[in-house]
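Here is a short walk through one protein model. Keep the sequence and the 3D view side by side as you read.

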Amino acid sequence: MAGNQASAGHLLQLIRSGEATTRGELQQATGLSRSTVGHRLDQLFGAGWLRGATGTSTGGRPSARLEFDPTHAVVLVADLGTRHARVAVLDLSGTVLAEHTGALVIADGPDRALDQLARWSGPLLAEAGVGAERVCGVGLSVPGPVDWESARIVQPPIMPGWDRFPVRERMREAWAEHVGPMPAEGPLPVFVDNDANLMALAEQRAGHPDCTAFVLVKASTGIGAGVVVGGEIYRGIDGGAGDIGHIRLHDRPDALCMCGSYGCLAAVASGRSIAGQLTAAGVPTASGSDVREHLAAGQPDAVRLAREAGQRVGEVLVTVVTLLNPGVLMLSGDLAGTPFLTGVRELIYQRAMPRTTAHLQVVTSELGDRAALLGAARMVIDHLYAPDRADSRLAALARAGDGA
């Protein structure tokens with residue numbers, strides 16, 4: 001690493017990755033002098049981001065190992081579903097310190113939803129035993145396409161009133177009203193992403209870190225996919241990557257989708273679609289979560305429809321796995337039980353080329369209902385402590401300290 005790149009933020013990255021964890025290793029990795037490394041480490045220690053730990057020794061004095069301190073701040077994250085939301089406080093290692101699930105109807109609109117999240121946040125922080133000033137960022141998982149840079153949701157089929165709504169700005173207002181002060185370095189960082197993206201990030205990092213091409217399909221009220229390539233979410237140019245629920249099926253022009261089009265995969269094979277089919281068959285079912293309960297009870301019509309839905313989703317996934325050649329295809333969400341998994345596997349292995357599936361694992365979620373929360377936390381932490389952002393935050397903290 002060239003010296004002009006080895007800022008305090010870059011040193012932090014080397015320490016967090018385990019690439020260099022002593023002063024000597026940092027000097028060797030960066031080419032910086034001992035005094036310059038010392039100065040930049042002083043910045044990181046001064047911010048509370050590092051702690052020392054005694055390393056192992058092969059003789060003589062043990063080396064002083066440096067560690068990222070995951071307890072110096074917390075993140076607050078929320079996973080918004082169609083009828084409920086889950087909110088949690090986590091430290092920077094991803095440990096859940098407090099968690100709450102409550103009713104929240106996403107169709108009621110963003111003002112009410114974001115205000116409710118802020119109302120829940122204060123008591124949750126108290127339960128976790130941390131003050132609002134220790135929250136370094138907020139992460140939101142939503143069931144719709146997101147323009148990640150602006151944190152705005154774009155034409156979401158099941159989120160009326162959310163299109164292009166200023167989520168980041170409104171969340172900050174609600175936070176100031178119900179929770180407390182902003183961080184010392186400036187306005188509260190608020191990040192928003194699609195739920196399938198965040199679930200994919202969490203599952204890949206936790207269970208398949210060596211998989212360089214990873215696809216997660218969430219099949220619940222709607223259908224979406226998250227793609228992780230090279231350890232990073234692939235979002236496309238404006239957040240539309242992975243929106244497979246709105247790929248048209250050639251033989252179902254009668255199926256009206258929530259997006260207003262006909263023949264979408266989600267209109268045929270989602271939890272919402274199965275709920276409608278079950279209700280029509282005399283089995284009252286309101287949502288994908290109700291379908292999940294029927295499947296857990298072994299209700300025969302639900303089992304049959306879930307397998308058929310898996311086959312329809314599998315038709316689309318044949319193209320997805322042929323294009324992306326992933327090592328892992330993970331199924332998650334309300335429908336992701338054995339019948340759905342069986343249907344997906346049948347179609348993929350029947351129609352995809354053997355070369356495409358030779359090294360493909362088709363599996364189900366390992367993190368369960370917490371995947372989106374953990375992914376939201378990872379999103380916040382990755383971006384706040386990336387080298388350039390970390391340097392900006394350190395500079396802002398220094399200015400705030402000088403003005404104190």
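**Helix 9 and its surroundings**

Glu293 and Ala296 are exposed on the other side of helix 9. Opposite them sit the buried residues of this helix: Gly288, Asp290, Val291, His294 and Leu295. Viewed down the axis of helix 9, these buried residues fall within an arc of 155°, so they line one face of the helix. The model is a predicted one.

What covers that buried face? Helix 8 and helix 10 are included in the cover. After helix 9 comes glycine 298, with a positive phi near 75°.

Now move to the core. The largest nonpolar core has 43 residues, and Val217, Val313, Leu317, Leu329 and Leu331 touch the most other members. Helix 9 (288–296) is one of the elements that give two or more residues to this core. The other helices on that list are helix 7 (265–269), helix 8 (271–280), helix 10 (300–324) and helix 11 (338–351). Strand 10 (213–219), strand 11 (223–229) and strand 13 (328–332) are the strands on it. Which element gives the largest share? Helix 10 does, with ten residues.

Take leucine 317 as a way into this core. Leaving aside neighbours within four places in sequence, leucine 317 is in contact with Val217, Ile244, Leu329, Leu331, Val344 and Ile348. Of these partners, Val217, Leu329 and Leu331 are also among the residues that touch the most other core members.

Next, two loops. Asparagine 325 lies in the loop between helix 10 and strand 13. Its phi is positive, about 50°, although asparagine 325 is not a glycine. Is asparagine 325 buried, exposed or partly exposed? Its relative accessible area is 40%, so asparagine 325 is partly exposed.

Glutamine 155 also has a positive phi without being a glycine, here near 45°. Look for glutamine 155 in the loop between strand 8 (152–153) and helix 5 (167–178). Glutamine 155 counts as exposed because its relative accessibility is 62%, and the cut-off for exposed is over 50%.

Last, a pocket. The second largest pocket has a volume of about 270 Å³. Its lining consists of Gln13, Arg16, Ser17, Arg205, Glu232, Arg378, Asp382, His383, Tyr385, Ala386 and Pro387. Helix 1 (8–17) and helix 13 (371–384) are the elements that give two or more residues to this lining. By class, the lining holds five charged, three polar and three nonpolar residues.

Methods. Residues are numbered from 1 along each chain as its sequence is written. This is a predicted model: local features need pLDDT of at least 70, side-chain atom pairs count only at pLDDT 80 or more; totals for chains, interfaces and linings use all residues. Side-chain values use heavy atoms; hydrogens and water are left out. A nonpolar core is a set of buried Ala, Val, Leu, Ile, Met, Phe, Trp, Tyr and Cys residues joined through side-chain atoms within 4.5 Å. Buried means under 20% relative accessible area, exposed over 50%, partly exposed in between (1.4 Å probe, protein chains only). Helices (H or I, at least four residues) and strands (E, at least two) are DSSP runs, numbered from the N terminus. Contact means heavy atoms within 4.5 Å. On a 1 Å grid over the protein atoms alone, a cavity is a set of points where a 1.4 Å probe fits but cannot get out, and a pocket is an open set with protein on both sides within 12 Å along at least five of seven lines; lining residues have an atom within 4 Å of a point. Grid points are joined across faces, edges and corners, and a volume is the space filled by probe spheres set on the points. Ala, Val, Leu, Ile, Met, Phe, Trp, Tyr, Cys and Pro count as nonpolar, Asp, Glu, Lys and Arg as charged, and the others, Gly among them, as polar. The arc is that of the directions from the helix axis to the C-beta atoms.
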